[in-house]
Amino acid sequence: MAVAGTAKADSLPSDSLLATGYCLRYSSFMPVRITFADGDRAGHTLDYADDVDRIAIGRDPAKCRIVFPPDLVAVGREHCALRLVVGRYRLVLSGVHAVLVNGTPARDDQELPVLATVQVGVGGPVLQVET
């Protein structure tokens, strides 16, 4: 949920919620933001709306939403994925490819914290993931 600001009750938009006197505006646009932290695309950001329930990461453009160059062998063709489960993103691991979350080896079905550094492969690219 993103806070867009406060408003009086008589000026609430139809997509707002009242919580203890404040208007919290629900934004369905960005449940996850992924920013490339290094490499040629450093600083480039991708935003995914809540209708995207799976974000595959790898080198295969036919299967992945986040695609790395074919010569980046630290990244598998379909290295891992982020899966939306009850409003939170979880990691789906292939079982053979390394993934680090905040510097620690990731576990399959691990829930990502609100802000996570995800390294794709040993010595591979780093993504900042905001959920």
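## Exposure and the overall fold

A residue counts as buried under 20% relative accessible area, as exposed over 50%, and as partly exposed in between. These words are used throughout this report on a predicted model.

The protein has 0 helices and 12 strands. Read along the sequence, its pattern is therefore a run of strands, β-β-β-β-β-β-β-β-β-β-β-β. Of the 131 residues in the protein, 31% are buried. Among contacts with a separation of 6 or more, 30% are between residues 24 or more positions apart.

## The open sheet of four strands

Strands of a sheet pair through backbone hydrogen bonds, either parallel or antiparallel. One sheet in this model is open and has 4 strands in the order β6-β5-β7-β8, with mixed pairing. Its edges are β6 (66-67) and β8 (88-93); each has a single partner strand, so one side of each is left without a neighbour in the sheet.

Strand β7, residues 80-85, pairs with β8 in the antiparallel sense over 6 bridges. One residue pair can be named here: C80 has L93 in β8 as its bridge partner. The loop between β7 and β8 holds V86. V86 has a positive phi of about 45 degrees, although it is not a glycine. With a relative accessible area of 79%, V86 is exposed.

## R83 and its surroundings

R83 is found in strand β7. Is R83 buried or exposed, or does it fall in between? Its relative accessible area is 32%, which lies between the limits of 20% and 50%, so R83 is partly exposed.

Leaving aside neighbours within four places in sequence, R83 is in contact with D53, R54, R88, Y89, R90, V92 and D109. With D109 there is also a polar contact of 2.7 Å, which joins the two side chains. R83 and A56 are 27 residues apart along the chain, and their C-alpha atoms are separated by 8.5 Å.

## Q110 in the loop before β11

Q110 has its place in the loop between β10 (104-105) and β11 (115-120). The relative accessible area of Q110 is 12%, so this residue is buried, the limit being under 20%.

Which residues does Q110 touch, not counting those up to four places away in sequence? They are Y89, R90, L91, V101 and P105. Y89 and R90 are also among the contacts of R83. Within its own part of the chain, the side chain of Q110 reaches the backbone nitrogen of R107 at 2.9 Å.

## Strands β9, β11 and β12

β11 runs antiparallel to β9, and 3 bridges join the two. In this pairing, V101 has V118 in β11 as its bridge partner. β11 also runs antiparallel to strand β12, residues 126-130, and here 5 bridges join the strands. T117 is paired in this way with Q128 in β12.

The two faces of β11 are unlike: A116, V118 and V120 form a covered face, while L115, T117 and Q119 form an uncovered one. V118, the bridge partner of V101, is thus on the covered face, and T117, the bridge partner of Q128, is on the uncovered face.

Two loops that adjoin these strands have residues with positive phi. In the hairpin of β11 and β12, with 5 residues between the strands, G121 takes a positive phi near 90 degrees. In the loop between β9 (99-101) and β10 lies N102. N102 is not a glycine, yet its phi is positive, at about 50 degrees. N102 is partly exposed, with a relative accessible area of 44%.

## The second largest pocket

What lines the second largest pocket? The lining is made of F36, D38, G39, D40, R41, F68, P69, L72, P125 and V126. By kind, these residues divide into 6 nonpolar, 1 polar and 3 charged. The space in this pocket is about 160 Å³.

Technical notes. Residues numbered from 1 in each chain as written. Predicted model: local features only at pLDDT ≥ 70, side-chain atom pairs only at ≥ 80, totals over all residues. Heavy atoms only, no water. Pairing = 2+ DSSP bridges. Buried < 20%, exposed > 50% of the residue type's maximum accessible area, 1.4 Å probe, protein only. Polar contact = N/O pair within 3.5 Å; in protein donor to acceptor, adjacent residues only side chain to side chain. Contact = heavy atoms within 4.5 Å. 1 Å grid on protein atoms, 1.4 Å probe; cavity = no way out; pocket = protein on both sides within 12 Å on 5 of 7 lines; lining within 4 Å. Points joined across faces, edges and corners; volume = space filled by probe spheres on them. Nonpolar A, V, L, I, M, F, W, Y, C, P; charged D, E, K, R; others polar.
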